[in-house]
Amino acid sequence: MSIRNKIYFASDIHLGASGYRSSREREARFVRWLDSIKHDADELFLVGDVFDFWFEYKTVVPRGYIRFLGKLAELADAGVKLYLFKGNHDMWMFDYFVKELNATIVSNELILERQGKKLYLHHGDGLGPGDGKYKLLKKVFRSRLCQWLFERLHPNLGVGLANYWSGHSRLANAAGQERKLFENEWLVSFAREVLQVTHYDYFIFGHRHIPMVTELSAASKYVNLGEWMHHNSYAVMYDGVVVLKYFENIEAASQGVGAQA
């Protein structure tokens, strides 16, 4: 009998991005990873931008991703607790995954204690000194009025427009995703500010596509989960320690990408 004693974290899979073939390959790779953790996973946190776009109409959800959704259902049926965070690309999650997978949908930050450690989790969008334009857009897109208006569009039109916007947004932001100096990394700055008020052993984010682990103090670390378009990076927590790892990416692992700074 397997012992479920590990907690896994991943983000920014961007299913649906970069064309059908690329997305299917990425989906298959991510499903293989999910299959590899199903025997010892107690909880799985998908920390935003799992989909490049997602919107739940009352009777319609985006087509595709059937292998990924089936694997999530398998994990849920096996007793793995699932958490899905709203990212900047898939913020329009409502109750579909709650009903189908008994998943917990997280809209903003999630603060919890696991294995004797205090964790602060957030997709990372809209935090810190950067992303000024997006902070305004986030308020608009998350408003009930905006969601109600989008629901009025036929799915063929609505999903088509959203996929165009999502792809444009991702490409426009790609130039700004290069690794910053430690002092200028937005989410590191945010974590440091929070630490002045409240202690957390680990800050775990996605969004920035930069797999890295950085010491904020002698007792606190910043972890960015990276992404699955190039790095295939994720984190695992066991015995109170969070470690950044790579799946089927020997080159990144051997080069120490994401090593502690």
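This passage walks through a predicted model of one protein chain, from its overall make-up down to single residues.

To start with the whole chain, there are 261 residues, and 51% of them are buried. The chain folds into 8 helices and 11 strands. Looking at contacts between residues with a separation of 6 or more, 65% involve partners that sit 24 or more positions apart. The accessible surface adds up to about 12,800 Å², and carbon and sulfur atoms supply 55% of that area.

Next comes a pair of helices. Helix α1 covers residues 20–37 and helix α2 covers residues 66–77; their axes come within 9 Å and cross at roughly 15 degrees. Angles under 35 degrees count as roughly parallel, so α1 is roughly parallel to α2. The crossing of these two helices, α1 and α2, is left-handed. On the α1 side, the contact is built from Arg24, Glu27, Phe30, Val31, Leu34 and Asp35, while α2 brings in Ile66, Arg67, Phe68, Lys71, Leu72, Glu74 and Leu75. Sorted by type, the residues where α1 meets α2 come out as 7 nonpolar and 6 charged, with no polar ones.

Another helix worth a look is α7, which spans residues 186–195 and has Leu187, Val188, Ser189, Phe190, Ala191 and Val194 as its buried residues. Those buried residues of α7 pack against four strands: β6 (117–122), β7 (202–205), β8 (212–217) and β9 (220–224). One of these strands, β8, holds Met212. Met212 has a relative accessibility of 5%, so this residue counts as buried. Met212 and Tyr222 are 10 residues apart along the chain, and their C-alpha atoms are separated by 7.9 Å.

The loops have their own story. Ser11 lies in the loop between β1 (6–10) and α1. With a relative accessible area of 0%, Ser11 is buried. Leaving out residues up to four places away in sequence, Ser11 touches Val47, Gly48, Gly206, His207, Leu225, Gly226, Glu227 and Trp228. There is also a long hop in sequence here: Ser11 and His123 are 112 residues apart along the chain, yet their C-alpha atoms are 7.9 Å apart in space.

The loop between β2 (41–46) and α2 is home to Asp49. Phe53 is found in the loop between β2 and α2 as well. Is Asp49 buried or exposed? At a relative accessible area of 1%, Asp49 is buried. Setting aside neighbours within four places in sequence, the contacts of Asp49 are with Asp12, Ile13, His14, Gly87, Asn88, His89, Asp90 and His123. Phe53 has a relative accessible area of 7% and is therefore buried, given that the cut-off is 20%. The C-alpha atoms of Phe53 and His14 are separated by 7.9 Å, with their positions 39 residues apart along the chain.

Finally, a couple of residues have unusual backbone angles to check. Most residues other than glycine have a negative phi. His207 has a phi near 70 degrees, which is positive even though this residue is not glycine. His207 sits in the loop between β7 and β8, and a relative accessibility of 10% makes this residue buried. As noted for Ser11, His207 is among the residues that Ser11 touches. Asn232 also has a positive phi without being glycine, with a value near 55 degrees. The loop between β9 and β10 (233–238) is where Asn232 is placed. Asn232 is buried too, its relative accessible area being 4%.

Conventions. Residues numbered from 1 in each chain as written. Predicted model: local features only at pLDDT ≥ 70, side-chain atom pairs only at ≥ 80, totals over all residues. Heavy atoms only, no water. Buried < 20%, exposed > 50% of the residue type's maximum accessible area, 1.4 Å probe, protein only. Contact = heavy atoms within 4.5 Å. Areas by Shrake-Rupley, 256 points an atom, 1.4 Å probe, with all protein chains shown as cover. Axes fitted to C-alpha atoms, helices over the stretch in contact; angles between N-to-C directions. Parallel < 35°, antiparallel > 145°, perpendicular 65-115°, else oblique. Left-handed = near helix turned anticlockwise from the far one by under 90°. Nonpolar A, V, L, I, M, F, W, Y, C, P; charged D, E, K, R; others polar.
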